[in-house]
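The following exercises concern a metal site and the ligand beside it. Please work through each task before reading its solution.

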Amino acid sequence: MDNRVYIFDTTLRDGEQSPGATMNLHEKLRLAEQLEKLGVDCIEAGFPASSQGDFDSVKAIAEKVKTCQVAGLARCMEQDITRTWEAIKNANHPRIHTFLATSPIHMQYKLRKEPQEVLAMIEKGVKLARSLCPVVEFSAEDASRSDKDFLVQVATTAINAGATVINLPDTVGYAIPSDYAKLIEYMIKNCPVSDKAIFSVHCHDDLGLSVSNTLAALGAGARQAEVTLCGIGERAGNTALEEVVMALNVRRDLFHLETNIVKEQLFPSCRLLSMIIGKPIPANKAVIGGNAFAHESGIHQDGMLKNRETYEIMTPQSIGRTSSDIVIGKHSGRNAVRTRLEELGYHLNDDQVNAVFLAMKTLADKKARIHDEDLEALVFSEVYRMRIPDRFHLSNVAVQTSMGSSMPATAAVVLQDREKEVRLAGFGTGPIDAAFNVISQLCGTKAELEKFSINAITGGTDAQGEVSVHLRDGEYTATGRGSDLDIIVASAKAYIDALNRLEHKEKDVISYKQNPTE
Ligand code: KIV
Ligand code: ZN
C-alpha cells in the first residue's frame with residue numbers, strides 16, 4: 001500500500017466556521033500563500049455557494065495558488081456544484097468537494113430523503129461535478145453514524161460516477177479510534193471499486209479524539225487527512241494539522257507514512273493564523289504551544305542538559321521555532337529587518353519594510369529585545385492594516401486609576417474619525433472599561449463586547465501585550481487585534497480594529513475583490 005498521506009487543509013472552510021475565526025479576503029489570501037509554502041496538498045478555500053463573499057475569496061485563492069490543489073465545497077446539488085466550478089475553474093489544480101449526509105438521522109430529519117434517493121442524488125451530483133472538474137471528492141456527511149453497508153453503496157456509487165477521493169467524516173465527533181479504524185478497513189475491503197479512489201478522514205474534536213481518530217484511520221488505510229491549523233473549526237474544532245503531521249513524523253517507526261509537509265513551516269503557519277484571527281495559541285497546546293518545549297522541573301532540566309532526548313521527542317527547530325529568537329534590536333538596519341521578515345515568510349515591498357522598520361525603531365527605544373513575534377505584530381499593525389482604508393485611528397489614550405478608592409477609573413481618548421480629530425474623557429469600572437466606554441461614545445457604536453483576551457506575545461515584563469476583542473452589532477460580528485507594550489493601548493487598538501472591521505462588514509466592503517461577479 002502506498003505510504004504517502006495527502007494533507008487536505010480546511011482551515012479556510014471548516015476552520016473559518018468556528019466562532020470568531022472569520023477572515024477577510026486579504027487575510028485568506030495571505031494564509032493560502034502560507035499553506036502552499038507549508039506544503040499541503042489541497043487547500044479547501046471555502047463554500048462558494050454559501051455567500052458572495054465566500055465565492056469571491058475562493059475565486060481569488062484559486063487564481064493565486066499555483067502548486068497545490070484548490071477545493072471548493074458544494075452540497076450535492078446542481079446549483080452548488082456549478083457555482084463552485086465557477087469559483088475554482090481558473091485554478092491550476094481545481095477540485096470540487098461535494099457532500100451529502102448518509103446517516104439515518106440526517107437522511108430522515110434533515111434531508112427528508114430515502115436512502116435510494118440519496119444514492120440517486122450522489123450519482124447525479126458527482127457525475128455533474130466530474131463533467132466539469134478533473135478531481136472530485138465526495139464526502140458522506142456523518143459517516144461515522146451511518147450504516148456500514150449503506151456506506152459501501154454510497155462509496156461505490158460515488159466512485160463509479162467519477163469521484164477519486166471518498167471522505168468518511170466523523171461530523172459530530174462521535175467516533176472512537178478502534179471503531180473508526182474498523183470502519184475504514186471495512187470500506188476499503190468491501191467496496192468493490194475501492195482501488196480507484198483514495199479514502200479520506202475528517203474528524204471533529206467533540207470528545208477530544210479527533211487526532212487519535214485520524215491517526216487510527218490512517219493506520220487502517222486512509223490516505224488523506226482533512227485538518228486545520230491549530231485544530232480550529234466548528235464547535236470543539238477539527239483535527240490539528242500540526243499534531244497529525246508531527247505524530248506521523250515522530251512515530252514513523254510505527255506508521256511508516258510520509259507527508260509532503262515542510263515541518264519547519266508548522267509553527268510560522270499556526271502563528272500566522274493566530275495573528276490573523278486574533279486568538280492566542282494556548283500555552284499547553286501540543287506541538288506549538290508556548291510551553292511545549294519548556295522544561296520546568298529540576299529533574300527534567302538536568303536530563304535535558306545531559307541529553308535533550310531524555311525529555312524531548314522533537315526539537316523546537318524541527319517545527320520552525322528558533323531557539324534563540326532575539327534577532328533584531330535598536331541598532332539593526334533596514335536590510336537586517338527585511339532579511340528577517342523574509343525568513344519569517346513576509347515578502348514586503350520597500351514602503352512596507354520601511355513602515356515596519358520605523359515602528360521597530362520606536363519599539364526598540366522602549367523594549368530591549370525584539371523577538372520574531374514582535375516583528376510579526378508590527379507587520380500586522382503597520383502593513384496589513386494599511387491596505388484597508390479604516391475609518392477610525394487611535395491617536396492617543398490616557399487612563400487614570402487609583403487603588404482602593406471608590407473613584408472610578410477615567411480615560412481620555414483622542415482619535416481620528418476619517419479626516420476629523422475627536423476627543424472625549426469618561427469613566428469605567430477599570431481602565432480598559434473606561435477606555436472602551438469613551439471609544440464607543442466617540443465612534444457612536446452600539447456594538448456589544450462578546451469576548452476580550454490579553455496575551456503576552458513573548459516572555460518577560462517588557463513583553464508586548466496582544467489583545468483580541470470580539471464585537472457583535474446585530475447580525476454582524478468582528479474580531480479586532482491590537483498589540484503594544486502598554487496593554488491599555490493594545491486594548492484600545494484592538495477595540496478600534498474590531499469597530500473598523502464591523503464597519504467594513506456592514507457596508508459589505510471587500511476591498512480586495514479582484515473580479516467582481518454579477
Ligand atoms: O464535518 C463534516 O462532515 C464536513 C463535511 C462537509 C466534509 O465538514
Ligand atoms: Zn467538518
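**Exercise 1.** Determine whether D14 and H204 are buried or exposed, and describe the zinc site.

*Solution.* Step 1: both D14 and H204 are buried, where buried means under 20% relative accessible area, exposed over 50% and partly exposed in between (1.4 Å probe, protein chains only). The model is predicted: local features need pLDDT of at least 70, side-chain atom pairs count only at pLDDT 80 or more, and totals for chains, interfaces and linings use all residues. Residues are numbered from 1 along each chain as written, chains are lettered from A and ligands numbered from 1 in the order written, and side-chain values use heavy atoms, without hydrogens and water.

Step 2: D14 (OD), H202 (NE2) and H204 (NE2) coordinate the zinc ion (ligand 2) at 2.0 to 2.1 Å; donors are N, O and S atoms within 2.8 Å of the metal (3.2 Å for Na, K and Ca), and sites may look incomplete because water is not among the atoms.

Step 3: the sequence spacing of these donor residues is D-x187-H-x1-H. D14, in the loop between strand 1 (6-9) and helix 1 (25-38), and H204, in the loop between strand 7 (198-203) and helix 8 (210-219), are 190 residues apart. Helices (H or I, at least four residues) and strands (E, at least two) are DSSP runs, numbered from the N terminus.

**Exercise 2.** State which side chains place an N or O atom at 2.9 Å or 3.1 Å from an oxygen atom of ligand 1.

*Solution.* Step 1: the side chain of R13 does so at 2.9 Å. Step 2: for H202 the distance is 3.1 Å.

Terms used
Polar contact = N/O pair within 3.5 Å; in protein donor to acceptor, adjacent residues only side chain to side chain.
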